[in-house]
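Visitor: Could you show me the model and explain the terms used for it?
Guide: Gladly, here it is.
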Amino acid sequence: MIPFSPPRIDQRVIDEVTKALTSGWITTGPRTKLFERQLTEYCGNKCTVAVASWTAGMEVVLRWWGIGPGDEVIIPAITYCASANVVIHTGAKPVMVDINPDDFNISVEAIRRAVTPRTKVIMPVDIAGFPCDYDGIFQIVNDPSIKSLFQPNSDLQKRLGRILVAADAAHSFGATYGGKRSGAIADVSCFSFHAVKNLTTAEGGTMSINLPDGFDHEAIYKDLCVKILHGQNKDALAKTQKGNWRYDVTEPGFKCNMTDIQAAIGLVELDRFQENLDRRRTICLAYNEGLKNESWALLPKMKDEKRETCYHLYQLRIAGASEAQRDAIMQAIFDQDVSVNVHFQPLPVLTAYKSRGYKIEDYPEAWDKYANEITLPVYFDLTDEQVQIVIQAVKNAVKQVLG
Ligand SMILES: *Cc1c(COP(=O)(O)O)cnc(C)c1O
C-alpha cells in the first residue's frame, strides 16, 4: 500500500530527539527557543511563539486580540474544522463565505459582501499551501469605507484600527507571495506542525506575528509566552535558576507550550526543509505531466505571477464526476493499494455546523470543488516509481468508473 502522508523519520531525527531526551531538559527550553528564532528568520516575520498545535495557537491569538461574543470572524466554507472551532470556542461567530471559481481559497468578493460592523478578524486559509489573494484582502481591510465601519473593543484592535488578517497557514509553510514567505504576509499567521503537515513536530504549531511597525513585537512575544503558560511570569526553566523559584500569575492563562522533544524534530525538519519542498514540487509537477493529456483531469493551481504554493497537497479534480462517482473512483484507487484523500468536506455538510444553521446551498463553489476532488499522496519519501503507480491507478480508476 502506498500511504498518503507518512512522516519523514530517519536516523537524524531519532538522534536529535534522543539528544533532547537525554539532555536533562525535555519541556520548553533551549531547543524550542532556537526553533522559534530559526522559524522567524526563515519566514521573515517579526516574532514567533511555538505552541502545542495550530488550534491552541489560533485560539490564544483570537483571545489575545479580544475576540468574544458579539464578534464575527470571516472564514472560508472549505477548510479543516479547526478554523471554525477556535472561533466558536471564543464565543464569536464564524461567518462562512464561498471560495473562488478557479482555486480552493476564500473569495475576496465574498469577504467584501460578508463584512459587518461586528467583523473583527478575517481568517484566510491557504488551502494546499497556495496563498490566498492577500492584496485583495488587505485592500478590503484598508478600504476607508470599511475602516469607518470598524468598531474596536480592545486596545490592540483600537491600535490597529481595522480588521485583523489572521491567516490559517496550516498548509502554507514555505509558500511565497510577492517575494514574501508565508508567516510574513498576514498580520498573524498560525502554522500547524501536525504529523501530516509539510513540516512536522508530531504535534505543534506557531503564532507567527507580523503586525505593522509601531507594534512592539518584543513585548508581544513576551506577553504571548506568558499566555501559553498559565499566565506565569516565569517559565519552568527560568524557575530552576538558583534562588529564582518565586513567580507570579498575572492572568488565568492557557497551557499549550511546545516541548523541546517536539522542537528537536522541528529543528531537523527546518534544516532540510528546502530539500523537502523541492521533492514535493518534483512530485506535483510529475503528476501534472502524467495527467495533463487526460480530458477529465482538472489540475490544481500551484503558481502564478505573484505566488507559489509549498506543494503541501495535490488536489486533483475529475471533470464531470458527481460526488458518488468521485467516491467510487477513490475506492477503485484504494483497491490498487494507493491511498488518497479529500480536502476538505465543506463545513456546512458536517453536523456541528449544519446544526448551527449553515447551509451547503449557500456555498455552490465549495460544493462543486469538493464533489469531484481527490488529493494524491505527496511526501519526501514517495519515489518516482511510486508516483507513476499513483498516476496509473488514477487513470485506471477513472476509466473503470466514468468509462
Ligand atoms: C491541520 C489543520 C489545522 C489544525 O492544525 P492542528 O495543528 O492539528 O491544530 C488547521 N487548519 C487547517 C487548514 C489544517 O489543515
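Guide: What follows is a short talk about the ligand and the cysteines.
Guide: This is a predicted model, where local features need pLDDT of at least 70 and side-chain atom pairs pLDDT 80 or more, while totals for chains, interfaces and linings use all residues. Residues are numbered from 1 along each chain as its sequence is written, and side-chain values use heavy atoms, without hydrogens and water.

Visitor: What makes the pair between histidine 171 and the ligand a polar contact?
Guide: A polar contact is a pair of N or O atoms within 3.5 Å. A side-chain N or O atom of histidine 171 is 2.6 Å from an oxygen atom of the ligand, so the pair qualifies. Likewise, a polar side-chain atom of aspartate 168 lies 2.8 Å from a ligand nitrogen, and a backbone N or O atom of tryptophan 54 is 2.9 Å from a ligand oxygen.

Visitor: How much of the ligand does the protein bury?
Guide: The protein buries 93% of the 380 Å² that the ligand exposes when taken alone, by the Shrake-Rupley method with a 1.4 Å probe.

Visitor: Why is cysteine 43 not counted in a disulfide?
Guide: A disulfide needs two cysteine sulfur atoms within 2.5 Å. The closest cysteine sulfur to that of cysteine 43 is in cysteine 310, 11 Å away, so it is too far for a bond. For cysteine 190 the closest is in cysteine 256, at 10 Å, also too far. The count is zero disulfides.

Visitor: Why is cysteine 190 called buried?
Guide: Buried means under 20% relative accessible area (1.4 Å probe, protein chains only). Cysteine 190 has 0%, so it is buried; cysteine 43, with 5%, is buried too.

Technical notes. A polar contact is a pair of N or O atoms within 3.5 Å; within protein, one must be able to donate a hydrogen and the other to accept it, and residues adjacent in sequence count only if both atoms are side-chain atoms. Buried means under 20% relative accessible area, exposed over 50%, partly exposed in between (1.4 Å probe, protein chains only).
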